[in-house]
Amino acid sequence: MKRLIITNGDYNIYQVDKNYLYAIAKFVVLENYKHHTNDVCSKNTEEDILKVYKEELQFSSVAYLFIAENHRGKLIGCIRVMKWDKITRLPIHKIFNINLQKCIPCSEAKSFWHIGRFAIDSLNSRSSILLFKQLMICAVHQIICDTHGCMIAETDSKLLRILQLLGIQTHTLGPGIIYLGSETIPLYATKFGLSKFYNSHRHLLCNLNISHNVQLETA
């Protein structure tokens, strides 16, 4: 499945199903290494791609996947958001060994939405700021629509600074570690913490056509 949800002069954004997961995993890993280490030929690259792919595959039935392609069909950006069932181990558990329900005050969140696999082609400078905002708003939209929604993520330290500049109020859950070539920090943001960014950029959702049936596998 590949559903057009946002069209732009330089690229299109689609909601896709699990058939795109390997391409997403490869893109995320290569962009991380390219952006943070200037090395896309690491001996661990293929191992990391398969690890990310297998991890995302187990979430595919409950995930919203978004990709951006330029008009030549090249993947230039992606993001994934999913509602946590409070049972499945997430990357934030595996990497940081964090107990979310103990670390995040229950008064602030009852539903946890994990955002991950957020990457944009570092060589595609044209319209990259707009693309960043549009991909992020696609993911945040799902959380804002949930009365008790809360965002959880493991975020590159540079990306974290950008999120804060965009008005997203985050709370760190522990110190950062090196993951996929960069310093990665566990964090959360409540619905209130996301609202400034969402309200400032909700116009980017014009003509948005997101499927609310997450069972997206094609027959």
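Lysine 83 is partly exposed, with a relative accessible area of 40%. In this predicted model, the side chain of lysine 83 forms a salt bridge with aspartate 146, and the closest N and O atoms are 3.5 Å apart. Lysine 83 belongs to strand 4, whereas aspartate 146 is in the loop between helix 5 and strand 6 (149-156), so the bridge ties together parts that are 63 residues apart in sequence. Aspartate 146 has a relative accessible area of 12% and is therefore buried, because the cut-off for buried is under 20%. One partner of this bridge is thus buried, and the other is partly exposed.

The setting for this pair is a protein chain with seven helices and nine strands. The chain has 219 residues, and buried residues make up 54% of them. Its accessible surface comes to about 10600 Å², and carbon and sulfur atoms account for 52% of that surface. Of the contacts between residues at least 6 apart in sequence, 73% join residues at least 24 apart.

Side chains of opposite charge can pair when their charged atoms come close. The structure holds seven salt bridges. One of them joins arginine 117 to glutamate 55, with 2.4 Å between the closest N and O atoms. Arginine 117 is in strand 5 and glutamate 55 is in helix 2 (residues 45-57), so this bridge ties together parts that are 62 residues apart in sequence. Arginine 117 and glutamate 55 are both buried.

Another salt bridge is formed by the side chains of glutamate 56 and arginine 80, at 2.8 Å from N to O. This pair also links distant parts of the chain, with glutamate 56 in helix 2 and arginine 80 in strand 4, 24 residues apart. Both glutamate 56 and arginine 80 are buried. These four residues do not stand as separate pairs: Glu55, Glu56, Arg80, Lys94 and Arg117 are linked in a network of salt bridges.

Aromatic side chains come next. A pair of aromatic rings is described by the distance of the centres and the angle of the planes. The structure holds four aromatic pairs. One of them consists of tryptophan 84 and phenylalanine 112, whose rings are edge-to-face, 5.7 Å centre to centre with 70° between the planes. Tryptophan 84 is in the loop between strand 4 (75-83) and helix 3, and phenylalanine 112 is in strand 5 (residues 111-120), so the definition of these elements places the pair in distant parts of the chain, 28 residues apart. Tryptophan 84 and phenylalanine 112 are both buried.

Phenylalanine 118 and phenylalanine 132 form a further pair, with ring centres 5.0 Å apart and planes at 45°, so the pair is tilted. Phenylalanine 118 lies in strand 5 and phenylalanine 132 in helix 5 (residues 128-144), so the pair ties together parts that are 14 residues apart in sequence. Phenylalanine 118 is buried, with a relative accessible area of 17%, and phenylalanine 132 counts as buried at 11%. Strand 5 therefore carries phenylalanine 118 of this pair as well as arginine 117 of the salt bridge to glutamate 55.

Two isoleucines show how the region around helix 3 meets later parts of the chain. Isoleucine 95 is in helix 3 and is partly exposed, with a relative accessible area of 24%. Leaving aside residues up to four places away in sequence, isoleucine 95 touches Ile177 and Tyr179. Threonine 184 is 89 residues from isoleucine 95 in sequence, yet their C-alpha atoms are 9.7 Å apart.

Isoleucine 98 is in the loop between helix 3 (91-96) and helix 4 (100-103). Isoleucine 98 is buried, at 10% relative accessible area. With residues up to four places away again not counted, isoleucine 98 touches Ile92, His93, Cys103, Leu173 and Pro186. Glycine 174 is 76 residues from isoleucine 98 in sequence and 8.4 Å from it in space, C-alpha to C-alpha.

The last stop is the start of the chain. Strand 1 (residues 2-7) pairs with strand 2 (residues 11-16) in the antiparallel sense over five bridges. The two strands form a hairpin with three residues between them. Isoleucine 6 has isoleucine 13 in strand 2 as its bridge partner. The charged end of lysine 2 sits over the ring of tyrosine 14, 4.5 Å from the ring centre.

Key: Residues are numbered from 1 along each chain as its sequence is written. This is a predicted model: local features need pLDDT of at least 70, side-chain atom pairs count only at pLDDT 80 or more; totals for chains, interfaces and linings use all residues. Side-chain values use heavy atoms; hydrogens and water are left out. Helices (H or I, at least four residues) and strands (E, at least two) are DSSP runs, numbered from the N terminus. Buried means under 20% relative accessible area, exposed over 50%, partly exposed in between (1.4 Å probe, protein chains only). Contact means heavy atoms within 4.5 Å. Accessible areas come from the Shrake-Rupley method with a 1.4 Å probe; for residues, only the protein chains shown count as cover. Two strands pair if DSSP finds at least two bridges between them. Rings of Phe, Tyr and Trp (its six-membered ring) pair if their centres lie within 6.5 Å; planes under 30 degrees apart count as stacked, over 60 as edge-to-face and the rest as tilted. A charge sits over a ring if NZ of Lys or CZ of Arg is within 6 Å of the ring centre and within 35 degrees of the ring normal.
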